[in-house]
Amino acid sequence: MPKIVMIDSDFENMDFEERMARDAGVDFACFDSRGPEDVARLAADADGIVTSYSTLTRATFEKLPRLRVVSRTGVGYDAIDVEAATERGVAVCTAPGYGTEVVSDHAISLALCVLRRLNEIDADMRAGVWDYARRRPLGQVRGRVFGVVGMGDIGRATARKAAGLGFHVACWSRSLVPGRRTPEGYDIVPLDELLESSDVVSLHVALTPETHHLVNGDRLARMKDDAVVVNTARGAVVDTLALASALEAGKLWGAGIDVYEGEPVDFDHPLLRAPHTVLTSHAAYWSEESGLELRTRTMRSAIDVVLGRRPVDCLNFSVFD
């Protein structure tokens, strides 16, 4: 009987995944460990791995000769050496599109909460302070430019929602030509121009060597003094120490952050002490609806491969040729 091992997750339990495996006639085991050495040990007899956070390196794959599939509960795959997996005939599966609506909802929510200082006024109310004026300035949508960095599915959904609220939307993406407009009518501008002209900058790019610290100290310095930074992409797309320094210096209106350079976040990180921030615990991807879709598709991909079927979602279909 083929076996799938769930190495780690944020789910309250793995009963759902175990039931899917059992119904498909697949053995199942679950753990909560993220180190590369632990992955190799715990999955030594596995045909499939399901993971949320584990790092799978070339060395890890070399220790798992039986492995046929890694299925990640998410869209990003920067922690998985896809090239090494492909060389060893291991399929790497993700769940593209599952979180498009909820992540874009979250990005818009962060932007509005920061602009309106909702968390700060809420804290005042709970402390017995009835005085919105002490939290001024308070912002509004109309008259502001919402800059979208990265126009994949989530970036486009965020742009659509921002435009629907009344923001003027501009965007940048490596695949788009500055000086033109998208089919939806959004202005395409060079990245630095977008950062310099936007009132809200919302990040929606994958983490690659090229996008690591894409928003760094120099670029933060060129942004408007009343700009808002929103990151629901990957933590290391932003230099978070530089962001914390800019916030402390009053350089920005504020920031809404859901992802961090180390997760779980170091609660001593300066960003957690910086003013005018709305911080969430990598929660953007989760709604009850998106969670069910994510868990179903991730497990279905792993089951399909270990049972000899071609999965719907795969980064390296060449392993089936």
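**Entry 1: the five-strand sheet.** Two strands count as paired here if DSSP finds at least two bridges between them. I kept that in mind for β1 (residues 3-6) and β2, which run parallel and are joined by four bridges. The model is a predicted one. For one position along that pair, I noted that Lys3 sits opposite Asp27 in β2. Then I looked at what lies against this sheet: helix α11 (residues 288-306) packs on it, touching β1, β2, β3 (48-51), β4 (69-72) and β5. The direction of α11 makes about 170° with that of β4.

Next I wrote down the strand order, β2-β1-β3-β4-β5, for an open sheet with parallel pairing. At the edges I found β2 (27-30) and β5 (91-93), each pairing on one side only. The twist from one strand to the next averages 15°.

**Entry 2: the seven-strand sheet.** I traced another open sheet, with seven strands in the order β8-β7-β6-β9-β10-β11-β12 and parallel pairing. Its edge strands are β8 (187-188) and β12 (277-279), each with pairing on one side only. Helix α7 (residues 153-165) packs on this sheet and touches β6, β7 and β9; I got about 175° between its direction and that of β6. Helix α10 packs on the sheet too, touching β10, β11 and β12, and its direction makes about 145° with that of β11.

**Entry 3: walking from β9 to β12.** I followed the chain here. β9 (residues 200-203) pairs with β10 in the parallel sense over four bridges, and Leu203 stands opposite Asn231 in β10. Between the two strands the chain goes through helix α9 (residues 217-222), in a right-handed β-α-β crossover.

The next step repeats the pattern on the other side of β10. β10 and β11 (residues 254-257) pair in parallel over four bridges, with Asn231 opposite Ile257 in β11. The chain crosses from β10 to β11 through α10 (residues 240-248), and this β-α-β crossover is right-handed. For the last pair, β11 and β12, I counted three bridges, again parallel; Gly256 has Val278 in β12 as its bridge partner.

**Entry 4: the faces of β10.** Are the two faces of β10 (residues 228-231) covered or open? Covered: Val228 and Val230 on one side are buried, as are Val229 and Asn231 on the other. I read this against the usual rule that side chains in a regular strand alternate between the two faces of the sheet.

**Entry 5: nonpolar cores.** Which residues have the most contacts inside the largest nonpolar core? I got Val149, Leu243 and Leu252, in a core of 31 residues. Elements that each give it at least two residues are β6 (145-149), β7 (168-172), α8 (191-197), β9, α10 and β11. The largest share, five residues, comes from α10. Another core lies apart from this one; it has 23 residues, including Ile108, Phe146, Ile188 and Trp253.

I went back to Leu243 and listed its contacts, skipping neighbours within four places in sequence. They are Leu220, Val229, Val238, Leu252, Ala255, Ile257 and Leu271. So Val229, buried in β10, turns up again in this list.

**Entry 6: the annotated span.** I checked the record last. An unreviewed UniProt entry carries the annotation "domain: D-isomer specific 2-hydroxyacid dehydrogenase NAD-binding" over residues 109-284. In the model, the end C-alpha atoms of that span lie 10 Å apart, and the span is 30% helix and 15% strand.

Note on methods
Residues are numbered from 1 along each chain as its sequence is written. This is a predicted model: local features need pLDDT of at least 70, side-chain atom pairs count only at pLDDT 80 or more; totals for chains, interfaces and linings use all residues. Side-chain values use heavy atoms; hydrogens and water are left out. Buried means under 20% relative accessible area, exposed over 50%, partly exposed in between (1.4 Å probe, protein chains only). A crossover is right-handed if, with the strands pointing away from the viewer, the path from the first strand over the helix to the second runs clockwise. UniProt positions are given in the numbering used here, feature names are shortened, and annotations may be inferred rather than shown by experiment. A nonpolar core is a set of buried Ala, Val, Leu, Ile, Met, Phe, Trp, Tyr and Cys residues joined through side-chain atoms within 4.5 Å. Contact means heavy atoms within 4.5 Å. Axes are lines fitted to C-alpha atoms, for helices over the stretch in contact, and angles run from 0 to 180 degrees between N-to-C directions.
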